[in-house]
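Work through the exercises below with the model open. Each task is followed by a stepwise solution.

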Amino acid sequence: MPEIFRLFGFSFFFYSREHEPIHVHVEGKDGYAIYDLVEELFILREKHGIKAKDQKKIESAIFENKDIIIKRWKEHFEKL
């Protein structure tokens, strides 16, 4: 399970045996969320237990690190 980064008490990662589209899992002590890359933006697909204020922080982190997330995904899956 490659972790991309950790911020605000949340881990941003993907699993080693993933599927398209490019997406990122976000998990913290209170819940988790999944964001799919749709065209040029990561869009919330699923959320459980994430508070609204934390969701805003998560989405900001994803927006600011979009290129890193995409790069890490491609690097990982090109190796397989």
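**Exercise 1. Classify Asp36 as buried or exposed, then find its salt-bridge partner.**

Solution.
- Asp36 has a relative accessibility of 13%. Buried means under 20%, so Asp36 counts as buried.
- The model is a predicted one. In it, the side chain of Asp36 forms a salt bridge with that of Arg45, at 2.9 Å from N to O.
- Arg45 has a relative accessible area of 38%, so Arg45 is partly exposed.
- Asp36 is also one of the residues in contact with Phe42, leaving aside neighbours of Phe42 within four places in sequence.

**Exercise 2. Compare two further salt bridges, Lys51 with Asp30 and Lys71 with Glu75.**

Solution.
- Start with the total: the structure holds five salt bridges.
- Take Lys51 and Asp30. Their closest N and O atoms are 3.7 Å apart.
- Place them in the chain. Lys51 sits in the loop between β5 and α1, and Asp30 in the loop between β3 and β4. They are 21 residues apart, and the pair links distant parts of the chain.
- Check accessibility. Lys51, at 45%, is partly exposed. Asp30, at 43%, is partly exposed.
- Turn to Lys71 and Glu75. Here the closest N and O atoms are 3.5 Å apart.
- Both residues lie in helix α2, four residues apart, about one turn of the helix.
- Lys71 has a relative accessible area of 52% and is exposed. Glu75, at 37%, is partly exposed.

**Exercise 3. Lay out the sheet: what is the strand order, and which strands stand at the edges?**

Solution.
- The sheet is open, has five strands and runs in the order β1-β2-β3-β4-β5, with antiparallel pairing.
- β1 (3-7) and β5 (41-48) each have a single partner strand, so they stand at the edges, with one side of each left without a neighbour in the sheet.
- From one strand to the next, the twist averages 20 degrees.
- Now the pairs. β1 joins β2 (residues 10-13) through four bridges, in the antiparallel sense. Leu7 has Phe10 in β2 as its bridge partner.
- At the other end, β4 and β5 are antiparallel over seven bridges. Val38 stands opposite Leu41 in β5.
- The β4 and β5 hairpin has two residues between its strands, and Glu39 takes a positive phi near 55 degrees there.

**Exercise 4. Pack the helices: which residues touch the most other members of the largest nonpolar core?**

Solution.
- Place α1 first. This helix (residues 52-64) lies across β1, β2, β3 (23-28), β4 (31-38) and β5, at about 40 degrees to β2.
- The largest nonpolar core has 19 residues. Phe12, Val24, Tyr35, Phe42, Ile58 and Ile62 touch the most other members.
- β1, β2, β3, β4, α1 and α2 (66-79) each supply at least two core residues.
- Follow Phe42. Beyond four places in sequence, its contacts include Ile22, Val24, Tyr35, Leu37, Ile62, Ile69 and Ile70.

**Exercise 5. Where does Asn65 lie, and which residues does Asn65 touch?**

Solution.
- Asn65 is in the loop between α1 and α2.
- Its relative accessibility is 18%, so Asn65 counts as buried.
- A polar atom of the Asn65 side chain is 2.8 Å from the backbone oxygen of Ala61.
- Not counting residues up to four places away in sequence, Asn65 touches Phe5 and Leu7. Leu7 is the residue bridged to Phe10 in Exercise 3.

Notes. Residues numbered from 1 in each chain as written. Predicted model: local features only at pLDDT ≥ 70, side-chain atom pairs only at ≥ 80, totals over all residues. Heavy atoms only, no water. Pairing = 2+ DSSP bridges. Axes fitted to C-alpha atoms, helices over the stretch in contact; angles between N-to-C directions. Contact = heavy atoms within 4.5 Å. Core = buried A, V, L, I, M, F, W, Y, C linked by side-chain atoms within 4.5 Å. Buried < 20%, exposed > 50% of the residue type's maximum accessible area, 1.4 Å probe, protein only. Polar contact = N/O pair within 3.5 Å; in protein donor to acceptor, adjacent residues only side chain to side chain. Salt bridge = Lys/Arg side-chain N within 4 Å of Asp/Glu carboxyl O.
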